[in-house]
Amino acid sequence: MDARELVDYAASLDCIHCGLCLNTCPTYLLTGVESSSPRGRIHLMRSVAEDELQADADYAEELDFCLLCRHCESVCPSGVRFGALMEHARSALEPVRERGPLARLARRAGFDLVLRDRSALRAAATVGRVAQRLGLVRLAARIGGQRARGLADAPAIPPAAERARLPERTPAAGTRRSTALLLEGCVMPELLGATNRATLRVLAACGFEVHVAREHVCCGSLHAHNGEASGARALARETLEACDARSDEGGTPLPLVVNSAGCGSHLKELAPAFAGQPDLERRARALSARTLDLSEALTRGPGAEGLAALLARVPTPARSVRAAWDDPCHLLHGQHIAREPRAILGRIPGLELVPMELAESCCGSAGIYSLLRPADARRVLEPKLAALAASGAEILVTANPGCQLQWAAGVRRAGLAVRVLHLAEVLDEFVVSVARPATAS
Amino acid sequence: MSTATVRAPHSIEAAVACVREAARDGAVILPTGCGSKRSWANAAPRVDVELSTRALTGVVAYEPGEGVITALAGTCWAELQELVARHGHHLSPWIPDPASATVGGVVAAGQSGADRLRYGPLRHHVLGMRVVTGAGQVVQCGGRLVKNVTGFDLHRLHTGAHGTLGLVAEVSLRLHAAPEVRAAGLAFVPTRQAGWQLAGEILRASRLAWTVMVHDLVRPGQSGPWLVAALVAGPAPAVRAELAALRRDAPQLPWLCGAPQTEEERRAHDVWSGIVALERPGATWPTLRATTLPTALPAACDALDAAARAQGLEVKLVAQPALGVVDAWIRGLGPDSLASLEVALASAGARVHWRGLPDELRRGQDIFGKAEPAGLALMRRLRDALDPRGTFARGRLAGGL
Amino acid sequence: MDARVVEELRAVLGRDGVLAERARRTPYEADGLAFARCLPELVLLPRDTRETAAALRVLAAHGIPVVPRGAGTGLSGGATPVEGGVVIGTARMRRILALDADNRLARVQAGVVNADLGRAAARHGLFYAPDPSSQKACTIGGNVGENSSGPHGFRHGSTTRHVLGLVLVTPEGDVLDLSRPEHDPHGYDLVGLFVGSEGLLGIATEITVALLPLPPLVETMLALFRDLDSACDAVSDLVAARLEPTAIEVLDQLTIEAVEASVLAAGYPKDAAAVLLLESEGSEAEVASTLGAIEPLLRARGAFEVRRARDELERARLWAGRKGAYGAMGRVAPDLYVCDAVVPRTRLAEIVRVTIAICQARGLRVANVFHAGDGNLHPNIPYDRRDAGQLARVLEAGDAILDAVLAVGGSLTGEHGVGLEKIGAMGRAFSPDDLDAQCRVRDAWDPARRMNPGKLLPVHACRETHTRDPRGGAR
């Protein structure tokens, strides 16, 4: 393979080597090693493209070590699109890189089978739950040694009842203000069904009629982040078809509400997956334009009005609870959303939003990173756990499934008396469930 | 020293000739200005030629729009002060004896002023210099620009080196805006503790203070009063606003301040000058300057008091709490009491520098204290590299440098 | 690199402290002066003074050259490795060892990031004054090495004014503790000499710095001009009037376009040929009187709009835009050559005109964004290093600018250092006797000349090292 094809060389030239990204990079902060920094990784990519460096195992390791949190993009004055560079470099390297037979099998099973097919996903969850209940996972983790340690850190899979799917259509509670399509997600129903149901209740309470594309499985963001470009393309196509098939009475495609920052960020940058196919590219751009994070859906247009009306019906409780917001990377750095969730949380009666240091840094979840590199993921979270403890918050609020699981595990390990909730769960608990019934007007 | 020849060259070229001649003859040179700070360094074991800068005078460059002045080493400090004041500039350090000090002497002795709290130590104002080395070369160090990082900052080595590394022949200094208004605040307090407290209140409320001092006006064994003196200067509206804040936060302190150029403003300035003059080492009372961290200063003063009392010495203190500096005027010193005061201060974490000791006490003493400065071996190597043949008199700084 | 040396170093630094793999060494081949490159034999990352000293002792025993490195944001090639040498990085020395609010000082490890120290100080109502534009990444150790400054250096001065003490490791690996509680050095001012010595005298591992109280009020003012000359003349007027704002910066149109196209867009007006960015701090009365005195002078020089930042948010954005200007130029071309020179403040407009003419004559674009109040110019020349002819013209323009600056009594560098970049011009700025004195000082500290050879001082012994930099050590 031509070395130049391993890297998006033209895009790598945007980096001017100023180094302003260094101090934002979780892996650089952990190690102090520049090849583990955004500037360093771009330098490596350029060196590979310029035939100065072999795309060897050390190079691959530096690509793998990156959390793809894109914090660096938020501070890059030169506008380097580091996330896209890294996705490109990983996927170009994937066909030529060496992996052990077991790792290769696990990868293919995960990306080509489980994440592509709802029944396989559900079957995997069932098997996983049984294995966890029987203690087989811990056993495997012990036998598997370093490489399998992620298994022990894997989140507990809830019982079948909690893994129920969302209904195809849910009417608005009270006046219907708008209609929206909710992305159910691939692993969300299996691991965080409660979050999905809370999202549904919140949207309905804010006047949304909510549709769910039950045939849809996965948006492909995990594939894209992990160098599985072809899988990502196929799933992008499926997503496009599923979403474009849903429209309102007037034939306008429904806005797509997403409660997973990682998926939202991916869906907002879907067009490059269809490069060279102008029609699909156009449709992808249109889908991106109507994709909304939950916090956006509730702070603009009819959603904002619905939330305001709902909040007006919430009595002020006697005691307030301190909550800290942790910016999911793919919300803050991927979608540049910082104000909306804070605005929502700040308006909930009885909730005191306290500042937390390092809120803008990665928690270490990073998609499936915490499963692939559990030790690194834990180290990335450490300083943030300290910041959480120092903030005095009783609730940690996030808006991404991976972050939720990562935080929950971290809080448990650290023995902190802090609940980890998704923004939707906070709204469900502190707003929807305590709001007075709407008076008929 | 009485046998030394005195040479007073009129130009840098003539100074170079003097140095080359001395170097050729193996003679040892002591650079001098007015001689007012000779006692700030140790007595040199041998001096053959006193190289005086008294004829090496004159302003080399002063463009008021640039805010930098360059003068030959022998130029009188007071003359420079007056020159730049005419163009609205202030020359830091503000020293008590400007008429008997030269530019070269101030820089070579590393003398900071009563405006240090506001403008920092002398070394912050020295932008560059020309130095005549022991080999008779003229070396440019730094430059005449307010900002410059080209090459090593050799001028930092010569500042405070008392001429042990070469003759400072020309100096460039950064100037500041002259204050529009000056205000003086004076108050008597019953205890030194109350003095520290009042000084702390002033320092917390003030951004424009040039100096805040706690003066000891009493004899040992007596109580009070202590004098707290503060000097504030700057643009008129800013000084007025600050005085309002000070009157609120430190109400015990009355202030003397009027509009620019009025009688009251001039009186405030006279008070200032009087206070600055208080810092001047007395002709008969040697001064001990002790420096430490500001928070450690009260304890150092107490230790100094106690040790002086035990020796039956008469001592008066002038402390600058924000800087961690105390000057003690002491009468009745002998060689033993020097050592015991040093020990007392060292145990309180303070470092000493004797100034104005009579020659008989200075000889055989290290006026910088017994403790070797860190990096002494390296300092010796640097001195030997810059003046390999020992043309300039040695043994005058800490550690025999 | 000899395997035994690697093993000895691993024994003192641990496996993580020695980077030997090519992929992990590669990013260290350049600092912010990206065109100068040389792959280091090893990269060493000690965690404290003791490890640094142990590593330097091993390197001294084997006669291996050493290049110290902070965050590698320097723009003069001060951290460009040398052939056969190793890099010692301070990136794992990131602890703030003590913050003494009562005495207004902090003791930090060399790898502490400038902005991190600022944040820690702010919790005590204090701040650390030197604010290089790279302050979010650059380290205090690197700032000490280069005697860095920044926009607020106009009022507060360069790093050297704020360093109270150092713990440093000599080239032979001896630890020298020059932390001092007293104000003035006893003996010679080794700390003052070390600051700005660009890594030639050893490695500072711990630094004691002075902190200042945060001002009660800070106001930022923008003045818009229709031409760069008038903006420069206005600066000369402010300096001559002895006004003392905390910062006086100039940004020209090309710079503003780049900044406004970036994530750092701050609302700089795109219709002005030049913008003056001024700041004043102090009490309300102090700020009001300073800015009140400044405005008429700006208007007299033709400022067509003078306004103040509305709030803290806008103020922060204006500064973020100014400080990201260098990086934002990456949108204009793949590479950027940043000149750094100081001229008398009475000659600003004249020299800025000359620098523009020099670039134009060589078919180069130039963006000017600089610390005008200090006379510290930064002509930024965008280029593409893959075009050898263009790079040669850029370097030629850089040299011509330095000549013009020296001709009016200016200096080669105000804050970036001489490094590799300007070593060829040292002979034009200093006489042989001046340079001889500097060489003597270096030889007294580092007789073997192993520390950062080929930088700062053009001495014969440095000439055997070379890099792929076209202007490299061969000069």
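Is B:Cys301 buried or exposed, and at what relative accessibility? In this predicted model, B:Cys301 counts as buried because its relative accessibility is 1%.

**Figure 1. Surroundings of B:Cys301 in helix α9 of chain B.** The helix that holds B:Cys301 spans residues 297-311. Leaving aside residues up to four places away in sequence, B:Cys301 touches B:Arg192, B:Trp196, B:Leu317, B:Ala319 and B:Val326.

**Figure 2. B:Cys301 and B:Ala238 in chain B.** The two residues are separated by 63 residues in sequence. In space, the distance from C-alpha to C-alpha is 34 Å.

**Figure 3. Domain 1 and domain 4 of chain C.** Chain C is divided into domain 1 (3-89), domain 2 (96-213), domain 3 (217-327) and domain 4 (333-407). The centres of domain 1 and domain 4 of chain C, taken over C-alpha atoms, lie 32 Å apart.

**Figure 4. The interface between domain 1 and domain 4 of chain C.** Contact involves 4 residues of domain 1 of chain C and 6 residues of domain 4 of chain C. Together these domains bury about 430 Å², with 70% of that area on carbon and sulfur atoms. On the domain 1 side, C:Phe35, C:Arg37 and C:Leu75 supply 82% of the area buried against domain 4 of chain C, more than any other three residues.

**Figure 5. Residue classes and polar interactions between domain 1 and domain 4 of chain C.** The side of domain 1 of chain C that touches domain 4 of chain C has 3 nonpolar, no polar and 1 charged residues. Between these two domains the count of salt bridges is 0. The count of residue pairs in polar contact, both at pLDDT 80 or more, is likewise 0.

Methods. Residues are numbered from 1 along each chain as its sequence is written. Chains are lettered from A and ligands numbered from 1 in the order in which they are written. This is a predicted model: local features need pLDDT of at least 70, side-chain atom pairs count only at pLDDT 80 or more; totals for chains, interfaces and linings use all residues. Side-chain values use heavy atoms; hydrogens and water are left out. Domain bounds come from an automatic or database domain assignment. Contact means heavy atoms within 4.5 Å. Buried area is the accessible area (1.4 Å probe) that two parts lose on being put together, summed over both. A salt bridge is a side-chain nitrogen of Lys or Arg within 4 Å of a carboxyl oxygen of Asp or Glu. A polar contact is a pair of N or O atoms within 3.5 Å; within protein, one must be able to donate a hydrogen and the other to accept it, and residues adjacent in sequence count only if both atoms are side-chain atoms. Ala, Val, Leu, Ile, Met, Phe, Trp, Tyr, Cys and Pro count as nonpolar, Asp, Glu, Lys and Arg as charged, and the others, Gly among them, as polar. Helices (H or I, at least four residues) and strands (E, at least two) are DSSP runs, numbered from the N terminus. Buried means under 20% relative accessible area, exposed over 50%, partly exposed in between (1.4 Å probe, protein chains only).
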